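Subject: Structure for you to look at

Hi,

Here is the structure I promised to pass on. My notes follow below it.

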Amino acid sequence: MNALTRKLATVGSALAMAASSLLLASSPASAATSCYASSCEGLDPATTICQNDARTVAETYFPGGIELRYSPTCRTAWARYNGSLGMNFTVMVERENADGSYSPHYSTYYYGNGAAVWTRMVNDAGFTARACGYATGGYSCSRAY
């Protein structure tokens with residue numbers, strides 16, 4: 001092999017390695033966590049595959065509407081607010097208790113700055129959940145799903 005052929009082979013190998021590194025590093029699926037039902041409890045949906053097939057299944061009457069998001073693949077639910085009000089309030093996801101009542105499981109605070117916020121996920125396999133919003137003088141929940 002002459003010197004030019006060796007240099008071209010070295011450059012070609014380096015380019016191939018760099019290209020494969022870029023492809024692997026930019027793959028969002030490789031960073032997403034896979035979970036199901038109880039193993040998703042308390043996880044952030046934005047870091048899991050659960051957000052991929054999530055759909056809004058209910059919404060509150062709270063001003064601006066807080067959504068109850070549900071992932072059929074993960075069997076989880078969470079509350080999300082897309083951020084349009086200029087007031088501060090709490091966004092919550094509640095899950096049904098054995099006696100049929102509901103209690104908050106996870107909450108997050110919306111600072112009235114227009115940014116979207118969401119709660120951590122609850123296991124929704126065999127349970128129902130609802131999204132709620134609480135502000136001074138007001139509390140509203142979606143229908144259960």
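Cys50 and Cys74 are joined by a disulfide, with 2.2 Å from S to S. Please keep in mind that this is a predicted model. The torsion about the S-S bond of Cys50 and Cys74 is about -100 degrees, so this disulfide is left-handed. It ties together distant parts of the chain, 24 residues apart. Cys50 sits in the loop between helix H2 (28–31) and strand E1 (55–59). Cys74 sits in the loop between strand E2 (67–71) and strand E3 (76–81). Both Cys50 and Cys74 are buried.

The other disulfides

In total, the structure holds three disulfides. Cys35 bonds to Cys40, and their sulfur atoms are 2.0 Å apart. Here the torsion about the S-S bond is about 105 degrees, so the link of Cys35 and Cys40 is right-handed. Are these two cysteines, Cys35 and Cys40, buried or exposed? The cut-off for buried is under 20% relative accessible area. Cys35 has 8% relative accessibility, so Cys35 counts as buried. Cys40 has a relative accessible area of 0%, so Cys40 is buried.

Cys132 and Cys141 form a disulfide as well. Their sulfur atoms are 2.0 Å apart. With 110 degrees about the S-S bond, the link of Cys132 and Cys141 is right-handed. Cys132 and Cys141 are both buried.

What pattern do the disulfides follow along the chain? Counting bonded cysteines along the chain, the pattern is 1-2, 3-4, 5-6.

The sheet

Four strands make an open sheet. Their order is E5-E4-E8-E9, and the pairing is antiparallel. Strand E5 (102–110) and strand E9 (138–141) are the edge strands, each paired on one side only. On average, neighbouring strands of this sheet are turned by 20 degrees against each other, direction ignored.

Look at E4 and E8 next. Strand E4 covers residues 89–96 and strand E8 covers residues 129–135. They pair in the antiparallel sense over six bridges. One residue to pick out is Glu94, whose bridge partner in E8 is Arg130.

The cores

The largest nonpolar core has 18 residues. Which of them touch the most other members? They are Ile66, Leu68, Tyr81, Phe89 and Val91. The elements E1, E2, E3, E4 and E8 each give two or more residues to this core.

Phe89 is worth a click. Leaving out residues up to four places away in sequence, Phe89 touches Phe62, Ile66, Tyr81, Thr108, Tyr109, Tyr110, Tyr134 and Ala135. Two of these contacts, Ile66 and Tyr81, are also among the core residues that touch the most other members.

There is a second, separate core of seven residues. Cys35, Cys74, Trp78 and Met121 are among them. Two cysteines from the disulfides turn up here: Cys35, bonded to Cys40, and Cys74, bonded to Cys50.

Confidence

The mean pLDDT of the protein is 83. Of its residues, 79% reach 70 or more. Where is the pLDDT below 50? Residues 3–29 are such a stretch. Beyond near neighbours in sequence, this stretch has two contacts in the model. Please read that part of the chain with its pLDDT below 50 in mind.

Best wishes

Note on methods:
Residues are numbered from 1 along each chain as its sequence is written. This is a predicted model: local features need pLDDT of at least 70, side-chain atom pairs count only at pLDDT 80 or more; totals for chains, interfaces and linings use all residues. Side-chain values use heavy atoms; hydrogens and water are left out. Two strands pair if DSSP finds at least two bridges between them. Axes are lines fitted to C-alpha atoms, for helices over the stretch in contact, and angles run from 0 to 180 degrees between N-to-C directions. A disulfide is a pair of cysteine sulfur atoms within 2.5 Å. Buried means under 20% relative accessible area, exposed over 50%, partly exposed in between (1.4 Å probe, protein chains only). A nonpolar core is a set of buried Ala, Val, Leu, Ile, Met, Phe, Trp, Tyr and Cys residues joined through side-chain atoms within 4.5 Å. Contact means heavy atoms within 4.5 Å. pLDDT is the predictor's confidence in each residue, from 0 to 100.
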